[in-house]
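Here's a quick briefing to read with the model open beside you. We'll go through charged pairs, a tucked-away side chain and a helix pairing.

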Amino acid sequence: MKLLLVEDDPSMQATLQRALGRRGFEVTACGDGREALQRWSAAAPDVVLLDLTLPGMDGLDVLESARKAGSRTPVLILTARGTVGDRVIGLNSGADDYLAKPFDLDELEARLRALLRRAPAATPEGSMQLGALRWERSSGAIYLGKDVLELTPRELALMQALMAKPGHAVSKERLFELVFPGEADVHYEAVEVVVYRLRKKLAGTGTTLMTLRGLGYLLKAQG
């Protein structure tokens, strides 16, 4: 999940980037309003975490400009402006949720994930290409050339997790959370079974599912 973090306080920005990264978000951070608007337009994030008091361009102006440009990306405003009037202004400007500082990280994560669940149409409908494989985000299907790759639901969940982070290893623990959500009676080793089956299905596709000792798994296009 791609998250654009717009926060001008360096300490707060670093803390949030580190904490949310550990919780499965792919965080891009910036601290300037104009830069935020440019990154928003270029990167197509899944969700935006937006401070209001920013140099260069106020957070509300950033939000209004993005909405006028047609962006439907879910936005959670995170700011020290905690009065009812400020919340109303933020929501009327196009925000989807509002959380005042100070806040609890667990609540922040829950609100971000709730936004993503409630607004599937706001996430990018493009595709992710890796070698001959293509993941169509709108349908969730993975194609090999023009044909849909036949995968079980667990194999599909694991492939999507790896294709969402091309060139980066995904830990076994994180894959377990995505492939076996809420299944407390399943052991981590079950991920290895899914990986083994996927490797057989990926044979001859020009894509390799690699094991990186101590880091996790990585999907790589050959050549």
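A residue is called buried when its relative accessible area is under 20%, exposed when that area is over 50%, and partly exposed in between. Asp96 comes out at 37% relative accessibility, so it counts as partly exposed. Keep in mind that this is a predicted model.

**A salt bridge across the chain**
- Side chains of opposite charge can pair when their charged atoms come close.
- The structure holds 13 salt bridges, and one of them joins the side chains of Arg67 and Asp96, at 3.1 Å from N to O.
- This pair ties together distant parts of the chain, with the partners 29 residues apart: Arg67 sits in helix H3 (residues 59-68), while Asp96 is in the loop between helix H4 (84-92) and strand S5 (97-100).
- Like its partner, Arg67 is partly exposed, and its own relative accessible area is 22%.

**Salt bridges within a helix**
- Over in helix H5 (residues 105-118), Glu107 and Arg111 are 4 residues apart, which is about one turn of the helix.
- Their side chains form a salt bridge at 2.9 Å, N to O.
- Glu107 has 33% relative accessibility, so it is partly exposed, and Arg111 is partly exposed too, at 25%.
- Helix H7 has a pair of its own: Glu177 and Arg174 are 3 residues apart, so about one helical turn separates them.
- The side chains of Glu177 and Arg174 meet in a salt bridge of 2.9 Å, N to O, and Glu177 is partly exposed, with a relative accessible area of 46%.

**A salt-bridge network**
- Arg23, Asp106, Glu109 and Arg113 are linked up in a network of salt bridges.

**A buried glutamate**
- Glu155 belongs to helix H6 (residues 153-163), and its relative accessibility is just 3%, so it counts as buried.
- Its side chain makes a polar contact with the side chain of Lys201, at 2.7 Å.
- Setting aside neighbours within four places in sequence, Glu155 also touches residues including Val194, Arg197 and Leu198.

**How H7 meets H8**
- Two packed helices are described by the angle between their axes and the distance between the axes.
- The axes of H7 (residues 172-179) and H8 (residues 190-202) come within 9 Å and cross at roughly 85°.
- Angles from 65 to 115 degrees count as roughly perpendicular, so that label fits H7 and H8.
- On the H7 side, Lys172, Leu175, Phe176 and Val179 meet Val191, Glu192 and Val194 of H8.
- Sorted by class, this contact has 5 nonpolar, 2 charged and no polar residues.

Methods: Residues numbered from 1 in each chain as written. Predicted model: local features only at pLDDT ≥ 70, side-chain atom pairs only at ≥ 80, totals over all residues. Heavy atoms only, no water. Axes fitted to C-alpha atoms, helices over the stretch in contact; angles between N-to-C directions. Helix = DSSP H or I, 4+ residues; strand = E, 2+ residues; numbered from the N terminus. Parallel < 35°, antiparallel > 145°, perpendicular 65-115°, else oblique. Contact = heavy atoms within 4.5 Å. Nonpolar A, V, L, I, M, F, W, Y, C, P; charged D, E, K, R; others polar. Buried < 20%, exposed > 50% of the residue type's maximum accessible area, 1.4 Å probe, protein only. Polar contact = N/O pair within 3.5 Å; in protein donor to acceptor, adjacent residues only side chain to side chain. Salt bridge = Lys/Arg side-chain N within 4 Å of Asp/Glu carboxyl O.
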